[in-house]
Amino acid sequence: MNKLISIEIKKVFKHKSIFVILLIMTIFCILNNIIYKNDYTKTGEYKYKKHENIEQTIASEEKNLKKYNLEQDSDKYMYITTKTKIELAKIKRKYKYSDWRYIKAQDYLYNLLYNINLYKLVDKNQEKLDDNIKKYDEAINNYNDNNWKYFVRKDKIIIKNNISEVNEKLDNTTEKQALNSLQKQKKELENNLLILNYRLDKNITYDDNYLNRALEEYSMQKEAIKKYQKKKLDYEEKLELSNLKQNININKYIIDNKKNLKQENTINYQLRTILDDYELFIVIITILVASITIGEDLNKQTIKLMLIKPYKRSKIILSKYLASLIIILSSIFSLVIIQLLIGGVFLGIQSLKQNMVVYDLATSKIIILNIFIYMLIRILFKLPMIIIILNVSFALNILLNSVIAPFSISMLLYTFSEVINTMAINYNIKFMKYFITLNWNFNNYLFGTLPKYQYLNLKNSILIFLIYDIMLLGIIFIGFNKKNIKNV
């Protein structure tokens, strides 16, 4: 058996097509890593985000300002609005797009600038003007001093005052609908206050960085999850709730531990999704290997040379099948090595020390895994798809006296599998739960995740996979044993 397997492996690697696919995969890997190297900063921010062109904004608003006459009542408020926009833009242009002072200028300075212009140029109220100038001077001093905590504390005071006002209304309201609305408003304010305290405790600025993004996502997700409480959920809502729970807990872990788990331009991130990113190449190799090991032998009638030797047909087909599996697994291993080498050159290897953090919905706990263990789990959970495609390709090569047709049909199965799955999900077609394409990716259940298609569960998917696998293996072995080789 070992000799037969060895012969089949050597036969496959004599074909240039295998090396061509591996070469294309390597080139794709190089390009992919170059893109992540060049298009992202060292901390993982995308370099080419679209930003406001400040100079263009200033020029445009100065042009608009000339259209308005301060002496005309209809133009007064448009004049001061435009003037305020110009002044704000001139402050913003001092800072980088990622700086909190650029990001929060609208929130913290616009109203003060507007009020100064309003009481100076239109309403001409010296007392209010002086009050706003005093507030603005205090704000701009803290702004220029990079004192973001000053503004957070001011926000806290405003929210606490708003909560007091809501509490007062609650005490004086008896109408049920109004009470519900006020209670909802109070919860939102309390959540905002909690986030501000969290920001101060964890020292998270408003800068465009991974910590601020995680905190803002955490805040929105905590607010979004409330609508699912005390409510009977349909499957789509359960799916949304499970995703929210995962994201909330991962973002909280990022904030608490100050670890940039979502940074894409790292070799760690590339290894996490390696089989998803390079799935097409592995599928092509799978179908190609089946075509070489069994298809070509039948098509070129070289199979007769093996049949005249003292080997049983079952042993011949088994050796071909096992050789194919070995080559496919070797290709996946080669892909990992290629990514490690190329990723190490372009992205560095420091991130390999960082563990993979996932939230297990089944146990409601954070799980920390070594990146290679996590990658191995995802590969193993993806293998059922590869095995089914291999089996289909083997069966078609035995049943059809052709090399092109089995290759084409196998590729069509893979290509349209996503269309089939999407149709089943979108139209909620129950009987499609028996389709193999909906069941062959066990990653859909990893760490207690709910599958997108509501009629699936892990036990049934394993059962359906085994049924299809056994059926296809039966076609392969019985078909080969009964095939009239003389007429091939």
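## Cavity, pocket and a helix pair

By class, 5 nonpolar, 2 polar and 4 charged residues line the largest cavity. The model described here is predicted.

A search of the whole structure finds 1 cavity of 30 Å³ or more. The largest cavity holds about 50 Å³ of space. Its lining runs through Leu271, Arg272, Thr273, Ile274, Leu275 and Asp276, and also takes in Met375, Arg378, Ile379, Lys382 and Asn443. Three elements give two or more residues to this lining: H12, helix H13 (274-277) and H17. H17 gives the most, with 4 residues.

Next comes the largest pocket. Its volume is about 1400 Å³. The pocket is lined by 42 residues, and those closest to its centre are Arg378, Asn443, Asn444, Thr449 and Lys452. Arg378 and Asn443 also appear in the lining of the largest cavity.

Which elements give two or more residues to the lining of the largest pocket? They are helix H11 (235-257), helix H12 (267-272), strand S1 (356-360), helix H17 (371-399) and helix H18 (404-427). H18 supplies the largest share of the lining, 8 residues. By class, the pocket lining has 20 nonpolar, 14 polar and 8 charged residues.

The two linings are set out below by class.

| Site | Volume | Nonpolar | Polar | Charged |
|---|---|---|---|---|
| Largest pocket | about 1400 Å³ | 20 residues | 14 residues | 8 residues |
| Largest cavity | about 50 Å³ | 5 residues | 2 residues | 4 residues |

The last topic is a helix pair. Helix H6 spans residues 105-122, and helix H7 spans residues 126-144. Their axes come within 9 Å and cross at roughly 150 degrees. Angles over 145 degrees count as roughly antiparallel, so H6 and H7 are roughly antiparallel to each other. The crossing of H6 and H7 is left-handed.

Which residues make the contact? From H6 come Ala105, Leu109, Leu112, Leu113, Asn115, Ile116, Tyr119 and Lys120. H7 brings Lys128, Leu129, Asn132, Ile133, Lys135, Tyr136, Ala139, Ile140 and Tyr143. By class, the contact of H6 with H7 has 12 nonpolar, 2 polar and 3 charged residues. Among the charged residues in this contact are Lys120 of H6 and Lys128 of H7.

Note on methods:
Residues are numbered from 1 along each chain as its sequence is written. This is a predicted model: local features need pLDDT of at least 70, side-chain atom pairs count only at pLDDT 80 or more; totals for chains, interfaces and linings use all residues. Side-chain values use heavy atoms; hydrogens and water are left out. On a 1 Å grid over the protein atoms alone, a cavity is a set of points where a 1.4 Å probe fits but cannot get out, and a pocket is an open set with protein on both sides within 12 Å along at least five of seven lines; lining residues have an atom within 4 Å of a point. Grid points are joined across faces, edges and corners, and a volume is the space filled by probe spheres set on the points. Axes are lines fitted to C-alpha atoms, for helices over the stretch in contact, and angles run from 0 to 180 degrees between N-to-C directions. Angles under 35 degrees count as roughly parallel, over 145 as roughly antiparallel, 65 to 115 as roughly perpendicular and the rest as oblique. A crossing is left-handed if the near helix is turned anticlockwise from the far one by less than a right angle, and right-handed if clockwise. Contact means heavy atoms within 4.5 Å.
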